[in-house]
Amino acid sequence: SIPFLPNWNAGQVIKAMPAFINFQNGKGIRYLTEYAQYAAPLNNYDLFYTFQGITDDGKYYISAILPVTHPSLPADSNVGDAIQNQLYSDFDGYKREAVAALEAQPLDSFTPDLNQLDAMIQSFKVH
């Protein structure tokens with residue numbers, strides 16, 4: 001599993017598009033994820049970009065949580081009956097398909113652009 005702090009009172013629905021990123025005095029991993037307390041569909045209200053990293057000296061843990069959206073996703077978890085039925089009949093299959101579709105998207109098709117978020121993370125220097 002991929003680390004995530006702080007702990008949330010919910011389960012991780014998906015993790016997608018992981019990439020290792022170095023910042024000026026450390027490194028970590030970024031990915032897209034969504035947390036929920038039910039079989040939630042992938043959606044723009046709950047999706048976020050997170051970076052989880054540590055400084056090279058091991059003194060500081062960095063956790064960034066930033067909302068992102070994609071035009072292919074519904075605005076929120078209110079989806080049609082077909083998707084709801086798939087969520088409840090084959091949640092694992094739904095998640096595999098949703099992650100594959102998300103990972104097929106270019107980084108610059110997200111809002112904000114994931115390239116820009118990655119560049120922001122790379123600019124961090126912890127003193």
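This report describes the salt bridges found in a predicted model.

A search of the whole structure finds three salt bridges, and their partners and closest nitrogen-to-oxygen distances are set out below.

| Acidic residue | Basic residue | Closest N and O atoms |
|---|---|---|
| Aspartate 56 | Lysine 27 | 3.5 Å |
| Aspartate 118 | Arginine 30 | 2.9 Å |
| Aspartate 92 | Lysine 95 | 3.8 Å |

Side chains of opposite charge can pair when their charged atoms come close.

The salt bridge between aspartate 118 and arginine 30, at 2.9 Å, links distant parts of the chain, since aspartate 118 belongs to helix α3 (residues 114-122) and arginine 30 to strand β2, 88 residues apart. Aspartate 118 has a relative accessible area of 11% and is therefore classed as buried, the limit being under 20%. Arginine 30, with a relative accessible area of 4%, is likewise buried.

Strand β2 (residues 26-36) also carries lysine 27, whose partner aspartate 56 sits in the loop between β3 (48-55) and β4 (61-67), so that this pair, too, joins distant parts of the chain, 29 residues apart. Here lysine 27 is partly exposed, at a relative accessible area of 47%, whereas aspartate 56 counts as exposed because its relative accessibility of 53% is over 50%.

The remaining pair, aspartate 92 and lysine 95, lies within helix α2 (residues 91-103), where the two residues are three residues apart, about one turn of the helix. Aspartate 92 is partly exposed, with a relative accessible area of 48%.

Methods
Residues are numbered from 1 along each chain as its sequence is written. This is a predicted model: local features need pLDDT of at least 70, side-chain atom pairs count only at pLDDT 80 or more; totals for chains, interfaces and linings use all residues. Side-chain values use heavy atoms; hydrogens and water are left out. A salt bridge is a side-chain nitrogen of Lys or Arg within 4 Å of a carboxyl oxygen of Asp or Glu. Helices (H or I, at least four residues) and strands (E, at least two) are DSSP runs, numbered from the N terminus. Buried means under 20% relative accessible area, exposed over 50%, partly exposed in between (1.4 Å probe, protein chains only).
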